[in-house]
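Q: I have a protein model open and I'm not sure how to read it. Can we go through it together, one feature at a time?

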Amino acid sequence: MSDPIDQATLNAKLMTPIAVIVDKQRATLAPMLHGASGQAAQAALRDDECVRRIATFCYPLLPGLVRLAVKEPTFVSFILNNREKVLAPLTRPA
């Protein structure tokens with residue numbers, strides 16, 4: 001999905017539901033970022049396996065229509081490529 005139009009469409013479909021999931025699941029997701037405190041959380045965001053684990057956890061929480069439009073491998077790839085923007089709220093205090 002390297003076409004800029006396709007990427008913009010994917011961003012539009014995913015950013016709002018992901019923001020809601022991250023906000024609601026903060027207590028569950030934060031430990032996946034090694035406690036989500038300062039440098040440890042930033043290091044975890046650079047760890048592909050850690051980010052992949054969070055994306056895999058979040059995918060089933062997406063609305064059903066979004067899951068029909070965006071398959072899990074595409075979603076995980078999106079999260080890996082946009083990790084700073086999507087998961088940054090987990091690195092800030094609640």
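A: Sure, let's begin with confidence. This is a predicted model, and pLDDT is the predictor's confidence in each residue, from 0 to 100. Here the chain averages a pLDDT of 80, and 81% of the residues score at least 70.

Q: Where in the chain is confidence lowest, and where is it highest?

A: Look at helix α3, residues 38-46, for the lowest confidence, with a mean of 70. The highest is in α6, at 92.

Q: What about the overall layout: how many helices and strands does the chain have?

A: You'll find seven helices and zero strands. Reading from the N terminus, the order is simply α-α-α-α-α-α-α. Of the contacts with a separation of 6 or more, 67% are between residues 24 or more positions apart.

Q: Can you show me one of those pairings across the sequence?

A: Try M15, which is in helix α1. M15 and V86 are 71 residues apart along the chain, yet their C-alpha atoms are separated by 7.3 Å. Beyond its sequence neighbours within four places, M15 is in contact with F78, K85 and V86.

Q: Is M15 buried, exposed or partly exposed?

A: M15 counts as partly exposed because its relative accessibility is 23%, and buried means under 20%. Across the chain, buried residues make up 38% of the 94 residues.

Q: What should I look for among the buried residues?

A: Here's the general idea: in soluble globular proteins, nonpolar side chains tend to be buried together. In this model, the largest nonpolar core has 24 residues, and L14, I18, L62, F75, I79 and L87 have the most contacts inside it. Two or more of its residues come from each of α1 (4-24), α4 (48-58), α6 (72-81) and α7 (83-91).

Q: Which residues does L87 touch?

A: Skipping residues up to four places away in sequence, L87 touches V22, L45, V51, I54 and I79.

Q: Why do the buried residues of α4 lie on the same side of the helix?

A: First, the general idea: an α-helix has 3.6 residues a turn, so residues three or four places apart point the same way. Now the case: in α4, the buried residues are C50, V51, I54, A55 and C58. They sit on the same side of α4 because they cover an arc of only 135 degrees around the axis.

Q: Is there something to see at the start of α4?

A: Yes, look for a side-chain oxygen of D47, which comes within 3.1 Å of the backbone nitrogen of E49.

Q: How do I read a charged-looking letter such as R83?

A: Check where it is before guessing. R83 is in helix α7, and it is buried, since its relative accessible area is 13%. The R83 side chain makes a polar contact with the side chain of D48, at 2.6 Å. Apart from neighbours within four places in sequence, R83 is in contact with L45, R46, D47, D48, V51 and A88.

Q: And E72?

A: E72 belongs to helix α6 and is partly exposed, with a relative accessible area of 31%. Leaving out residues up to four places away, E72 touches T56 and Y59. The C-alpha atoms of E72 and C58 are separated by 9.8 Å, with their positions 14 residues apart along the chain.

Q: What does the outside of the chain look like in numbers?

A: The accessible surface comes to about 5,400 Å², and 58% of it belongs to carbon and sulfur atoms.

Conventions:
Residues numbered from 1 in each chain as written. Heavy atoms only, no water. Core = buried A, V, L, I, M, F, W, Y, C linked by side-chain atoms within 4.5 Å. Buried < 20%, exposed > 50% of the residue type's maximum accessible area, 1.4 Å probe, protein only. Helix = DSSP H or I, 4+ residues; strand = E, 2+ residues; numbered from the N terminus. Contact = heavy atoms within 4.5 Å. Polar contact = N/O pair within 3.5 Å; in protein donor to acceptor, adjacent residues only side chain to side chain. Arc of directions from axis to C-beta. Areas by Shrake-Rupley, 256 points an atom, 1.4 Å probe, with all protein chains shown as cover.
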